[in-house]
Structure formats: C-alpha cells, structure tokens
Amino acid sequence: MLILFLTLATLVLAHGAQAASPATPTADQALLEKLGNEIASKTAQLNLVEKRGIVGVVTDSSSAQITLTDPNGNTRFVDVDELTKFSSSTNSSFGISDVTKGTTLGVLGLYNKQSRRILARDIDVMDTFPTIVFGEIADIDKTNYEVTVIKGNGGKTVIEIEDITKTYSLTAGTLVKSGFSKMQTTQAISVTGFPDKQDPNKLMASKIIILPDIQLSYDLNTASPTIAPSTGSGVKLYPITK
Amino acid sequence: MKQERVILAFIAVLIGLLVAGLAFYFYQSTKTISSSNQIILNAPSPTPTPKPIVYISLNTPDDEIVVDNKTLTIIGKTNPNATIIIYTSSDQEAIQPSAQGDFSTTLTLDDGENLIKLMSILPTGETTTMQRTVTYSTEDF
C-alpha cells in the first residue's frame, strides 16, 4: 500500500515539473531576459555606490591606496586611480607621492556600500581646523591682553587677544559685539584660534563668544597646567623660559 | 494488520507518557520543604543607567553628504534651555533653540569638504558635541 502511494506521488510530481518547465526560448525571449538581467545589474550597482565626501588624517599611503582616520576615529580606505585629481593650496604639483602620514585630506569620490571603500575622484589637502577652547575665565591679564581659560578637564589655556580678534556676547539669544574690557572672571567663553608658534600653550584667538548665562563652576584652584604636546619621539616641547 | 499494530503502539506510548506526567505532578505537589531549609533571596535591584542630561540630534545634513548648493541648512533638536555653538573652519556662531528644543540655521559652505562641529551647552555647563562633513561640489562623475 505504501509502495503504491509513493509510486503515485512520484508520477504526479514528475508530471507537474514537466508542465512547469518553459518551452524552448525563442530569440526574443532570450533578448528580453538578457536586457532584464542587465537592467537589474545596473540598478543594483547604482544603489550600491554613492557620492560622498570625507575628511581624515593619513595613517598610511601607497600608490593605489590611502588609509585615513576620520573625525569619528574610524579607519577609512581610499582607492586611487588614474582619474583621481590631487590639489593643495601650497603645492601646485601635489600628487600621491606627496601624501605623508599626519596630513589632513578631504576626499570626494564614489563610496561603495558593500566594500565600504571610497574610489577617490578629488583629493585635496585640508586647511588646519581652528583649535576650539571652551571653558571658564580664570584670570585676566590686562597688561598683556591675555585671558586664562580653565577647561572641563582641568587644563588651562592662555588666550591672546589680538587686534583681529572678534569678541561677541550671547545676550538674550542674539550675538552682541563685545570686547576685552567687558570680560569677567568666572564667565564661560568659547574661543576659536590657532596655537602661537612661539608658545604652543597659548592660543591666538580669532573669535570669542562670551556666554554670560552659562555657569560652569570649574574648580579654579585644582586646575592643572595644559600638558605640552608631544613631538612623537617621546620628547615634550616646552617654551623656553629665561 | 501491520498498520493497526503501529497505531496501538503509538496509543500505548501516549498513555504511558500521560500516566508518568500525572505521577510526577502529584509527587511534586505533595513535596514540602521545611522552613529551616528555606532561604529568602533579596536580589538587589539593578542600578538604572543615568540618562544623558544634554543631547543634540540633527535632521539635516547627513554626514558625508555631497551638495551642489553653497547655502546649507542645519536643522536639529536639543534641550530647550541649551545654547548651541556651531564651529566651522572659518567661524563660530551661537544660537538658542525654541521652547521645544528645535533649532535651525544656515551656513555658507566653502568649496570642497567642510567640517562642521556642533556643541550643545546647558546653563549648568554640561556639554555634548556632534560633527558633520559636508562637501560642496558641482562636479559630475
């Protein structure tokens, strides 16, 4: 009985499979199928690749690839080919051979979502992003036009107020022009600028925003001095003091 | 004949399992534990993870986006009483959100890649930061 049932089932399935199989494809059907496959392949490719622009610091480079660390700390792989254009504001003949570790690059290219690599079309050397200091005014040196700012980590930075420094105060939600004479200790300030080449512990301010409504209440007594930046060889740079 | 035997065997196994299950249930329900053997466990309640007090989120722009318009609109949300400072390579701006915490502002982009950093600061001094890379390019490839 079981054998009979199995035989019948096999016969029914075999007949069904024969009925489902297509007839011999004609030339038109083959062409349609080919076109359909090509469209599907192109659509998949377009969805997989998109234009992207990234910024990162070079950690490694070769003739065909650059490895960067982006601002979020992720490692990014950039492929370079003969269509990749290089540019630098300081070097008109900048090329792949000039890419060195530590350089900040901006890369515009085609990002592949699957391989997570970017095929670079434009690579340019980025200008240095200004140093940001946010903290509380700990001391005001009215003779040298300097302000000492204590940061959240306890570090201190001396801000040099230059003629070009623009100072504003955020009052009732709007930025109002202010100045050095209006600064007070314990006020919160946000400073952007660039390190002084002669004294790396000092920052030459380009813009200051005073935030009178923010109370930071950092402990001014336990603040430690800012650690001098390392040269990379283990030797710390300290300003020469007479 | 063979089929009947299989069915009977199956029914017998089922009855056996049922009887064994009932016997086990009655055995467990009649079992008593003396109070000296009982231990009351006072499991400490887990310490809840402190929620971050200050937050910032951006609706636009997406990170690493490429745009062909020099004017970029930044739209986001933060604490209603926070102050937001927006840093770019050439400037810094401070804005305050609405009573619901929504904020919106526009920036003019430089050619190429633009790094934009945002800091939200509460009146008590707590801060949080977020950054976006936005590229201005009209190049077609």
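Which residue in β7(B) does B:Ile86 stand opposite? In this predicted model, B:Ile86 stands opposite B:Leu118, and the text below works outward from that pair to the sheet, the chain, and the partner chain.

**How to read the model**

Residues are numbered from 1 along each chain as its sequence is written, while chains are lettered from A and ligands numbered from 1 in the order in which they are written. Since this is a predicted model, local features need pLDDT of at least 70 and side-chain atom pairs count only at pLDDT 80 or more, whereas totals for chains, interfaces and linings use all residues. The pLDDT is the predictor's confidence in each residue, from 0 to 100; chain B averages 91, and 96% of its residues score at least 70. For the complex, the predictor gives an ipTM of 0.72 and a pTM of 0.70.

**Chain B as a whole**

Chain B holds one helix and eight strands, where helices (H or I, at least four residues) and strands (E, at least two) are DSSP runs, numbered from the N terminus. Read along the sequence, the helix is followed by the strands in the pattern α-β-β-β-β-β-β-β-β. The radius of gyration of chain B, taken over C-alpha atoms, is 34 Å, although a compact globule of 141 residues would have one near 14 Å, according to a rule of 2.2 Å times the number of residues to the power 0.38. Along its principal axes, the C-alpha trace of chain B spans about 90 × 55 × 25 Å.

Each chain is divided into two domains, with bounds that come from an automatic or database domain assignment, as the table shows.

| Chain | Domain 1 | Domain 2 | Distance between C-alpha centres |
|---|---|---|---|
| Chain A | residues 49-125 | residues 131-211 | 35 Å |
| Chain B | residues 2-30 | residues 56-136 | 71 Å |

A residue is called buried if 20 or more other C-beta atoms lie within 10 Å of its own, exposed if 12 or fewer, and partly exposed in between, with C-beta atoms placed from the backbone. On this scale, 20% of the 141 residues of chain B count as buried, and in chain A buried residues make up 23% of 242. The secondary structure of chain A comes to two helices and 13 strands.

**The strands around β4(B)**

Two strands pair if DSSP finds at least two bridges between them. Strand β4(B) and β7(B) run antiparallel and are joined by five bridges, and B:Ile86 with B:Leu118 belongs to this part of the picture. Strand β4(B) also pairs with β5(B) in the antiparallel sense, over four bridges, and here the bridge partner of B:Ile85 is B:Ala94. These two strands, β4(B) and β5(B), form a hairpin with four residues between them. Because four of the five residues of β4(B) are buried, this strand is largely enclosed by the rest of the structure.

Strand β7(B), residues 112-121, is joined in turn to β8(B) by ten bridges, and the two run antiparallel; B:Leu115, for example, has B:Thr133 as its bridge partner. They form a hairpin with five residues between them, and in the turn B:Gly125 has a positive phi of about 105°. Strand β8(B), residues 127-136, is further joined to β2(B), residues 65-67, by three bridges, but in this case the strands run parallel, with B:Val66 partnered by B:Thr135.

**Where the chains meet**

Two residues are in contact if their C-beta atoms, placed from the backbone, lie within 7 Å. By this rule, 24 residues of chain B are in contact with 29 residues of chain A. The elements that give two or more residues to the side of chain B that touches chain A are β4, β5, β7 and β8 of chain B, and the largest share, five residues, comes from β7(B).

**Nonpolar cores**

In soluble globular proteins, nonpolar side chains tend to be buried together. A nonpolar core is here a set of buried Ala, Val, Leu, Ile, Met, Phe, Trp, Tyr and Cys residues joined through C-beta atoms within 7 Å. The largest such core has 36 residues, and among those that touch the most other members are A:Val149, A:Ile189 and A:Ile209. Strand β13 of chain A, residues 202-211, gives the most to this core, with six residues. Leaving aside residues up to four places away in sequence, A:Ile209 touches residues of both chains, including A:Tyr168, A:Leu170, B:Ile85 and B:Ala94. A second, separate core of 15 residues includes A:Val78, A:Val80, A:Leu105 and A:Met126.
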